[in-house]
Structure formats: structure tokens, C-alpha cells
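Hi everyone, thanks for making time. I'd like to walk you through a structure that's new to most of us, so let's get it up on the screen.

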Amino acid sequence: MRTIEAPRNRAVRRYNAFGQSMKDLYGLPVYKVNVDAGFTCPNRDGTVSVGGCIYCNNDSFRPSACTSAASVREQIEKGIPYLRRRYGAERFLVYFQPFTNTYAEVGTLARLYQEALDNPGVVGLAIGTRPDCVDEGKIALLEKLAREHFILVEYGLQSIYDRTLTFINRGHDFAAFKRAVDMTAGRGIRIGAHLILGFPTETRDEMLAMAEVLSGLPVGYLKLHQLQVIRHTALAELYARKPFPTVGYEEYLELVADFLERLSPDIVLQRLFAAAPEDILIAPVWNRTRSEFLNDLDAYLERSGSFQGRKFDARQTQQRH
Ligand code: SF4
């Protein structure tokens with residue numbers, strides 16, 4: 001087991017941040033270019049379910065600049081010059097974001113992914129998808145692309161607890177996630193997971209336990225954010241009928257800090273906070289931006305002497321695995 005030490009350099013973030021990890025890999029900051037390749041979702045089109053996940057409103061994460069009316073190539077050609085002008089960006093990661101971005105035949109996926117990789121400056125892809133929407137053929141395609149590019153497949157999981165997955169109408173269980181991760185591991189593809197903290201079906205201890213369970217799986221990247229009740233979702237209807245407690249800002253800061261302490265220091269954090277547009281957010285309303293949250297988190301970690309992996313015990317996770 002390797003020794004984990006508190007960071008000595010105060011300027012260094014007390015967790016393994018995605019931006020820094022990409023800079024370490026490529027020697028330069030890598031900027032995300034979001035694309036909407038026109039995919040749908042099996043949990044909305046009737047293949048798995050028609051209702052979708054109860055919190056899902058894809059408008060809450062669809063930047064206005066990306067639209068499936070334009071091709072992947074056109075969206076990238078529009079996004080990259082903006083990032084070059086605004087930030088002097090030189091390296092890019094194309095993020096296939098809305099809905100389920102492996103939900104097509106392998107030939108179609110190969111064409112769309114290659115269209116993105118053909119652009120000079122693009123170092124790789126991040127592909128958001130569901131764990132029940134990959135198979136051997138799709139993983140073999142990603143494995144081939146990963147020989148020359150950074151390929152990150154981000155599996156939506158949201159919770160490791162099947163009762164929560166049923167509550168949110170996720171349409172798959174935790175076992176489906178583990179099967180997808182097993183199929184993907186050891187093939188040069190980077191594996192990400194997406195979790196939400198704050199479901200009313202879970203206790204605080206259960207939320208924290210997810211850090212330990214994920215640390216025992218071959219997951220290298222993690223997106224984490226608070227549960228948000230968004231307008232025009234089934235969760236919003238439920239909340240209107242029977243309001244449930246949502247997490248407070250200070251409470252969430254502490255929860256994230258405690259979660260990070262239990263997480264393997266090797267896992268890269270891609271996201272720790274969600275900020276849905278004000279006009280569609282019902283609860284919790286914090287009026288904080290992402291960067292305000294990250295600054296507050298840094299200050300909290302510093303004050304409490306906390307850092308990612310502080311309570312992580314590799315022996316325990318190895319035994320569990
Ligand atoms: S899998 Fe994703 S896109 Fe599909 S319903 Fe759930 S959150 Fe929405």
C-alpha cells in the first residue's frame with residue numbers, strides 16, 4: 001500500500017483534479033468541446049422505459065452552442081476557434097454529452113467518433129453513456145481508438161444502491177454497471193463514473209460508502225454533484241406533491257470533503273458541483289457558481305486539514321474487490 005501524504009504545496013488542490021491531470025498528460029491545458037451528435041436514450045424512447053430518469057431534463061446540461069442540427073464536424077469547427085480566441089487553447093477533448101452517446105450501430109459510432117478525432121488539436125474523446133448501452137463490438141471500437149487517443153467512457157451510475165436506481169427509474173441496476181466496467185477494463189480505455197449525492201433514499205453514511213465501493217473498482221475518473229430538482233421532470237412533480245429535504249450548501253461542502261477522504265487518491269475528479277440554469281432549478285437554490293463552490297471547497301479542505309484519500313485504505317478495497 002502506498003503512503004498517502006498531505007499535500008505540502010498550498011497552491012495545489014487537495015484532490016486529483018481533471019484539468020491538472022490533463023495538463024500533466026499533454027503539457028498544456030486541454031479544453032472540452034461539447035457536441036450533440038443527435039443520439040437519443042433507451043430510457044426515454046421505450047427500449048428500456050419511456051419516462052427516463054426522474055431527474056432528467058437534458059436542457060439543464062445542453063449548452064446553447066451545441067445542437068444536433070449541425071454535424072459533429074461543424075460543431076467542433078465552431079467550438080474550437082472560440083476556445084482558441086478566448087483562452088489561447090491548443091488542445092481539445094471532444095465531449096459527446098447529451099443523452100446516450102453509444103446508442104447506435106458500431107459503424108455509425110465509428111464514423112461520428114472519427115469525425116471528431118480528425119480535427120487537428122483534438123487529443124481524444126469523452127463519451128457519456130449508460131452502462132447497459134455498450135457491448136463487445138462497441139468496446140472493441142473504443143479499444144482501437146484508445147491505442148492512439150485519449151478515450152474516456154463515462155458511465156452514468158448515479159447510485160450504487162438498487163433501491164435508489166429503482167426510485168429514479170434508471171432502468172438498470174448496479175450489477176449492470178459492474179459488468180460494463182469489467183468489459184471495459186484493461187483495454188486502454190479510461191473509465192469514468194457519474195454519481196449524484198443527496199437522494200432522499202440514502203443516508204449520509206450510505207452516500208459516503210459509495211466512495212469506498214467505487215475505489216475498489218477499476219474506475220479512474222469520477223463526476224459527482226448534488227441532486228437538483230429541475231422543472232419539467234418527474235422529480236419536480238414528486239417534489240411538488242411531497243417535498244423532501246434537499247442538501248444545504250454547507251452540508252454539501254462537508255459531504256464532498258468527507259467523500260473525497262474515503263476515495264482512492266488515484267481517481268481523477270472531473271466534476272464536484274452542478275449549476276443548473278436559474279430558470280429551471282427548483283431546489284436546492286444556493287446562488288453559487290461552480291468556481292465559488294470550488295474556492296469554498298479548497299478553503300474548507302485547507303481549514304480542516306482534509307484531502308482526497310486521507311481515510312482511504314487500499315487493503316480494505318482490495319479485499320472487497
Ligand atoms: S440515461 Fe441519461 S439521458 Fe437517459 S433518461 Fe437517464 S439521465 Fe436522461
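Okay, one thing before we start: what you're looking at is a predicted model. Let's begin with a pair of helices. H7 passes H9 in a right-handed crossing. H7 covers residues 204–215, and its axis comes within 8 Å of the H9 axis, with the two crossing at roughly 30°.

So who's touching whom? On the H7 side, the contact is made by Arg-204, Met-207, Leu-208, Met-210, Ala-211, Glu-212 and Ser-215. From H9 we get Glu-254, Leu-255, Asp-258, Phe-259 and Arg-262. Sort the residues of this contact by class and there are 6 nonpolar, 5 charged and 1 polar.

Hang on to Phe-259, as we'll meet that residue again in the core. The largest nonpolar core has 86 residues, and Phe-259 is one of those touching the most other members, along with Phe-96, Phe-177, Leu-272 and Phe-293. Which helix gives the most to this core? That's H9, residues 249–262, with 8 residues.

Let's zoom in on Leu-272. Leaving out residues up to four places away in sequence, Leu-272 touches Tyr-15, Leu-224, His-225, Tyr-252, Val-256, Leu-260, Phe-293, Leu-294 and Leu-297. Apart from the largest core there's another one, of 11 residues, including Phe-18, Val-30, Phe-150 and Tyr-221.

Last stop, the ligand. How many residues surround it? There are 10, and the closest are Cys-41, Gly-52, Cys-53, Cys-56 and Arg-130. By class, that shell has 5 nonpolar, 3 charged and 2 polar residues.

Definitions and conventions
Residues are numbered from 1 along each chain as its sequence is written. This is a predicted model: local features need pLDDT of at least 70, side-chain atom pairs count only at pLDDT 80 or more; totals for chains, interfaces and linings use all residues. Side-chain values use heavy atoms; hydrogens and water are left out. A nonpolar core is a set of buried Ala, Val, Leu, Ile, Met, Phe, Trp, Tyr and Cys residues joined through side-chain atoms within 4.5 Å. Buried means under 20% relative accessible area, exposed over 50%, partly exposed in between (1.4 Å probe, protein chains only). Helices (H or I, at least four residues) and strands (E, at least two) are DSSP runs, numbered from the N terminus. Contact means heavy atoms within 4.5 Å. Axes are lines fitted to C-alpha atoms, for helices over the stretch in contact, and angles run from 0 to 180 degrees between N-to-C directions. A crossing is left-handed if the near helix is turned anticlockwise from the far one by less than a right angle, and right-handed if clockwise. Ala, Val, Leu, Ile, Met, Phe, Trp, Tyr, Cys and Pro count as nonpolar, Asp, Glu, Lys and Arg as charged, and the others, Gly among them, as polar. A residue is near a molecule or strand if one of its heavy atoms lies within 4 Å of it.
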